[in-house]
Amino acid sequence: MTINFDFTGRTAVVTGAAQGIGADIARLFAASGARVAVLDLKADALEAAWGERSATVAPIAVDVSDAEAVSAAIAEVVDWAGGVDIAANNAGITRDAVIWKLTSEQWRQVIGVHLDGTFHVTQSVVPHMRSAKRGRIINVTSYTGMHGNIGQGNYAAAKAGVIGLTKTVAKEVARFGITVNAISPNAATSMVAGVPEEKLAQLTEAIPQGRFADPSEIAPAVAFLASDEAAYITGTVLAVDGGMSM
């Protein structure tokens, strides 16, 4: 796959960047000339994937559900790079259970990472983007957030909330030269790897292209929405799902 984006001089923050979609998003930004702050809860996984901090990559271990920790992390990015031009909110977890078995802790954990995390990062980067009079925020939602899925009430609620937050913030910051969009991916990630084989076969059958994407196939959609060419696109949800949402 030949992809040509130019993010020279830009700084991108990518959450959940130690593996999967987040890692591929960050790699594409880095390969396209950006300085990249890679955020993840797992410090050891970050080190394994990215090594030590350099002039172009800054691994930062942070719990995105913790508002103060996120604020400190973004301040660290600004000290390192001088600003924030792009934020990709990708961090996510699952704690699946049908509603009568779903615990309050499982509910809070998933809402905390997906929805609270997206809010915390967005709220922390917007002031810097406003000052620069430009910015790109790309959030990761899902098919489940729009259609629901048995055993994923917490995940569906969080991802639906991400869509509402995306559209609202897009309206609030458009006049500052900031765009806010979301993608709805369908990739073979560690979350998918945990799905029982029979269920996975059913899910695959429902995809018109007959397969899950490789995470690297999701990254270009994020890069496009972060690019200058996408300056007139905001408040949208881009399905990158092999036609599943048709």
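**A note on the fold and strand β4**

1. Buried residues (under 20% relative accessible area with a 1.4 Å probe, protein chains only) make up 49% of the 246 residues in the protein chain. Please keep in mind that this is a predicted model, where local features need pLDDT of at least 70, side-chain atom pairs count only at pLDDT 80 or more, and totals for chains, interfaces and linings use all residues. Residues are numbered from 1 along each chain as its sequence is written, and side-chain values use heavy atoms, with hydrogens and water left out.

2. The protein chain holds nine helices and seven strands (DSSP runs numbered from the N terminus: helices are H or I with at least four residues, strands are E with at least two). Its radius of gyration, taken over C-alpha atoms, is 17 Å, close to the 18 Å from the globule rule (2.2 Å times the number of residues to the power 0.38), so the chain is as compact as a globular protein of that length.

3. Now to strand β4, residues 86-89, which is covered on both faces. I86 and A88 are buried on one side, and A87 and N89 are buried on the other. In a regular strand, side chains alternate between the two faces of the sheet.

4. Which strands pair with β4? Strand β1 (residues 11-15) does so in the parallel sense over three bridges, with V14 opposite A88. Strand β5 (residues 135-140) also runs parallel to β4, joined by four bridges, and here N89 stands opposite N139. Pairing requires at least two DSSP bridges between the strands.

Terms used: Buried means under 20% relative accessible area, exposed over 50%, partly exposed in between (1.4 Å probe, protein chains only).
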